[in-house]
Structures are given as structure tokens and as C-alpha cells.
Amino acid sequence: MTVDSPGTAAAVTQDAPGRAAGTSQTPPPASSGPKEVLQPSRGRRSLPSGLLPYLLVAPALLTMAGLLLYPLIRNVILSFQSLNRKEFITRETVWTGFDNYTDLLGDSQFWTVALRSAVFTAVNVVLIMVIGTGIGLLLDRLGKKMRLVLSLSLVLAWAMPIVASVTVFRWLFDEQFGVANWMMRTLGFSGYEQHNWFETGFSTLTISLILLVWGSIPFVALNMYAALTTVGTELYEAAKMDGASGWRTFWAVVFPNLKSFFMITTFLEIIWIFKAFTQVYAMNLGGPNRASETLPVFAYIEGVGQFHYGVAAAISVLTIVMLVAIMSFYFRLILKEEDEL
């Protein structure tokens with residue numbers, strides 16, 4: 001029998017618990033220096049969440065300010081000056097205060113042109129919205145082939161340059177070779193051998209009106225067709241089951257669901273027609289005897305034609321004020337519509 005020495009037995013006894021637990025009794029190594037402090041990464045700092053959208057929009061806003069805001073401010077400043085032929089030659093600045101505005105507001109010609117512009121805009125917008133809505137509804141009912149043909153025709157009419165379209169319309173209503181005179185003679189009407197369709201301001205504005213309606217209908221019709229795709233077919237089926245007519249279906253189903261579309265489109269068309277210049281001026285230069293002038297044409301002729309640039313600037317400022325006043329009603333409707341949503 002072998003007898004272990006007391007030192008060996010003591011060593012075995014002390015090591016047994018550690019081996020049984022499967023753990024090491026070795027102490028962790030002591031730190032050789034001061035603790036390291038974690039430093040933040042030196043990459044790019046992120047922008048505040050509310051600042052990034054403004055930075056993205058800033059280039060467009062600055063461009064608009066340079067192209068629109070600065071000329072508008074200069075135009076307002078010019079409206080308080082007398083800038084005629086004399087001032088062009090002497091290169092002097094003559095401040096007149098509100099004289100340009102008071103002279104215009106007391107001029108019957110200005111109010112005649114303003115009333116003419118308002119009536120011209122109202123008739124145009126009504127015809128554009130009615131005919132454009134009807135063609136949009138027609139696009140929704142046509143088959144694929146006919147819808148494609150009609151859509152292409154609308155796009156071609158919409159894409160035609162303004163000066164080119166004015167040239168075509170002047171040829172259509174030409175005294176000697178015009179299609180309008182030929183058609184009236186073919187239908188049996190007398191007095192249209194060499195009828196001058198631009199003899200009066202009313203007939204000249206009527207031709208300009210036809211041109212503006214023809215060029216604006218595609219925008220309303222195509223947008224109307226796109227908006228109709230958002231109306232559920234189950235609403236049409238319910239109206240059909242209730243025995244509603246086509247007119248009743250439009251007022252009970254289409255119009256309530258597309259009220260925002262009609263408001264925005266009318267808003268855009270009023271702005272577009274009220275400021276229309278090329279179609280009216282190029283048709284007959286505002287004649288005859290300035291009887292077909294609207295406010296933009298009136299301002300151009302007073303400025304470029306008569307060298308009354310201060311007065312022309314005042315006309316343009318008053319035009320903007322009148323347009324804002326007219327559109328304030330639609331602004332209230334749009335805000336009310338948003339509150340109801």
C-alpha cells in the first residue's frame with residue numbers, strides 16, 4: 001500500500017473543487033495603462049431631419065426668385081416712375097408716385113379693356129370646361145383603338161406651337177382664300193365672297209376665342225379621362241341599378257368624386273386665359289382700332305408701341321391684382337375642400 005505524503009494530499013484536496021467546477025482560478029491580467037476612451041467617428045454629420053427638404057427645394061426656389069420675383073419687383077418699382085421717350089434719351093429717373101395708377105383708374109379705356117378681358121376669360125373657361133369634360137367622358141366610353149386615335153389628335157393639337165396655330169387660323173378666316181368664306185358660300189349664305197372676318201373687334205376676339213378653346217380642350221379632356229379612372233366601377237353599377245340617367249349619373253357619381261379636379265382645372269384655365277397674349281396679339285395686333293385688346297395686349301401696346309413703360313408696368317401690376325381678386329374665391333373653396341377631407 002502506498003501512502004501519500006501530507007503535502008501531496010493537501011495539494012490534491014485544494015485542487016479538487018476547482019477541477020470539479022470546471023473553472024480556472026487564474027486572476028484576470030492587470031491593466032497595463034489608463035483606460036481608453038472611445039472617440040466618436042469622424043465621418044460626416046447627419047443634417048437635421050427638418051432641414052433636408054428645404055435644402056433640396058432651395059435650388060428651384062432660388063431659380064424662381066431670379067426669374068420671377070426679381071422682374072416682378074422691378075416692374076412694381078417701374079410702375080411708380082415716368083419712363084417715356086424723354087426719359088429714355090436723357091437717362092433720368094422721374095418718380096411720379098401713384099400718378100400712373102390714378103390716371104389708369106380714371107381712364108374709361110382701361111375699364112373697357114378690363115371688362116372685355118373678364119368677359120373674354122369667362123366665356124373661354126366655360127366653353128373649355130364643358131367641351132373638355134364631354135370629350136373626357138367620351139374617351140372613357142370609347143374602345144381602345146378609337147380612344148388612341150382621339151388621344152393622339154388631342155395631343156397633336158395641344159403640342160402645336162402658338163404662332164403656327166395663329167397662322168393656320170388666320171388662313172382659315174382669310175378674305176380671299178379662307179375656308180370659312182368658302183364654307184359659308186357653299187352653305188348658300190350671300191355676302192361672303194371676300195368677307196373680312198377681322199373687320200371688328202368682336203369678330204377678332206371670337207376667332208381668338210375659338211383658337212384658345214381649341215388649344216385648351218386637350219388639357220382638360222386628357223386630365224378628365226385620367227381622373228375618371230379613379231372612380232370605382234361599383235358606383236356606376238349602383239347608379240345603373242337605381243335607374244339613373246347619364247346626366248344624373250354625372251352629377252351624383254362623377255362630379256362629387258372629381259370636385260377637386262374641376263376646381264383645380266378651372267383655376268388653371270382662368271389663369272391661362274386671363275394672361276393669354278400671343279393668341280390675341282398675333283391674330284390682329286389688338287385691332288382694329290385697339291378694339292380687340294385684352295389687358296396683357298393693352299399693357300404691351302402702351303409700353304412697346306407708345307413708349308409709356310411706366311404706365312404699362314402699372315397696367316401689369318393692376319392685372320395681377322385683379323387676377324388675385326378673381327381667384328380669391330377659388331382659393332377659399334380649395335381651402336374649405338381640404339378642411340373637409
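**Exercise 1. The cavity**

Which residues line the largest cavity?

Solution. Keep in mind that you are working with a predicted model.

- Step 1: Search the whole structure, and 1 cavity of 30 Å³ or more turns up.
- Step 2: Look at how much space the largest cavity holds: about 30 Å³.
- Step 3: Read off its lining, which is made of Ser-117, Phe-120, Thr-121, Ile-273, Phe-274, Ala-276, Thr-294 and Pro-296.
- Step 4: Assign the lining to elements. Two or more residues come from each of α5 and α12, and α5 gives the largest share, with 3 residues.
- Step 5: Sort the lining by type, and you get 5 nonpolar residues, 3 polar ones and no charged ones.

**Exercise 2. The pocket**

Find the residues that lie nearest the centre of the largest pocket, and say which elements build its lining.

Solution.

- Step 1: Start with the volume of the largest pocket, about 480 Å³.
- Step 2: Go through the lining. It has 17 residues, and the ones nearest the centre are Lys-275, Pro-296, Ser-316, Thr-319 and Ile-320.
- Step 3: Map the lining onto helices. The elements giving two or more residues are α2 (52-78), α12 (259-274), α14 and α15 (309-340).
- Step 4: Sort the lining residues into types: 13 are nonpolar, 3 are polar and 1 is charged.
- Step 5: Compare with Exercise 1, and you'll meet a familiar name. Pro-296 is in the lining of the largest cavity and also in that of the largest pocket.

**Exercise 3. The whole chain and its cores**

Work out how many helices and strands the chain has, then find which helix gives the largest share of the largest nonpolar core.

Solution.

- Step 1: Count the elements: the protein chain has 15 helices and 0 strands.
- Step 2: Check burial. Of the 341 residues in the chain, 30% are buried.
- Step 3: Look at contacts with a separation of 6 or more in the chain; 66% of them are between residues 24 or more positions apart.
- Step 4: Turn to the largest nonpolar core. It contains 43 residues, and those touching the most other members are Phe-120, Met-224, Leu-258, Phe-262 and Leu-295.
- Step 5: Pick out the suppliers. At least two residues each come from α4, α5 (108-141), α9 (201-228), α11 (246-257), α12, α14 and α15, with α9 giving the largest share, 9 residues.
- Step 6: Don't miss the other core, which lies apart from this one. It has 11 residues, including Ala-180, Met-184, Leu-211 and Met-283.
- Step 7: Zoom in on Met-224. Beyond its neighbours within four places in sequence, its contacts include Gly-132, Leu-137, Phe-250, Leu-258 and Phe-262.

**Exercise 4. Two buried side chains**

Decide whether Glu-302 and Phe-267 are buried or exposed, and list what they touch.

Solution.

- Step 1: Place Glu-302, which sits in helix α14.
- Step 2: Apply the cut-off. Buried means under 20% relative accessible area, so Glu-302, at 10%, counts as buried.
- Step 3: Find its partner. The side chains of Glu-302 and Arg-290 are joined by a polar contact of 3.1 Å.
- Step 4: List the contacts of Glu-302, skipping neighbours within four places in sequence: Arg-290, Phe-307, His-308, Val-311, Ala-312 and Ile-315.
- Step 5: Now take Phe-267, in helix α12. Its relative accessible area is 16%, so Phe-267 is buried too.
- Step 6: Check what Phe-267 touches. Not counting residues up to four places away in sequence, you'll find Met-327 and Phe-331.
- Step 7: Try a distance. Phe-267 and Tyr-330 are 63 residues apart along the chain, yet their C-alpha atoms are separated by 6.9 Å.

**Exercise 5. Unusual backbone**

Where are the residues with a positive phi, Arg-91 and Asn-289, and which peptide bond is cis?

Solution.

- Step 1: Recall the usual picture. Most residues other than glycine have a negative phi, and most peptide bonds are trans.
- Step 2: Take Arg-91. Its phi is about 55°, though it isn't a glycine, and it lies in the loop between α3 (85-90) and α4 (99-105). Arg-91 is exposed, with a relative accessible area of 76%.
- Step 3: Take Asn-289, with a positive phi near 55°. Asn-289 is in the loop between α13 and α14, and at 79% relative accessibility it counts as exposed.
- Step 4: Find the cis bond. It runs from Gly-287 to Pro-288, with omega near 0°, and Pro-288 lies in the loop between α13 (278-284) and α14 (295-305).

Key: Residues are numbered from 1 along each chain as its sequence is written. This is a predicted model: local features need pLDDT of at least 70, side-chain atom pairs count only at pLDDT 80 or more; totals for chains, interfaces and linings use all residues. Side-chain values use heavy atoms; hydrogens and water are left out. Helices (H or I, at least four residues) and strands (E, at least two) are DSSP runs, numbered from the N terminus. Buried means under 20% relative accessible area, exposed over 50%, partly exposed in between (1.4 Å probe, protein chains only). A polar contact is a pair of N or O atoms within 3.5 Å; within protein, one must be able to donate a hydrogen and the other to accept it, and residues adjacent in sequence count only if both atoms are side-chain atoms. Contact means heavy atoms within 4.5 Å. On a 1 Å grid over the protein atoms alone, a cavity is a set of points where a 1.4 Å probe fits but cannot get out, and a pocket is an open set with protein on both sides within 12 Å along at least five of seven lines; lining residues have an atom within 4 Å of a point. Grid points are joined across faces, edges and corners, and a volume is the space filled by probe spheres set on the points. Ala, Val, Leu, Ile, Met, Phe, Trp, Tyr, Cys and Pro count as nonpolar, Asp, Glu, Lys and Arg as charged, and the others, Gly among them, as polar. A nonpolar core is a set of buried Ala, Val, Leu, Ile, Met, Phe, Trp, Tyr and Cys residues joined through side-chain atoms within 4.5 Å.
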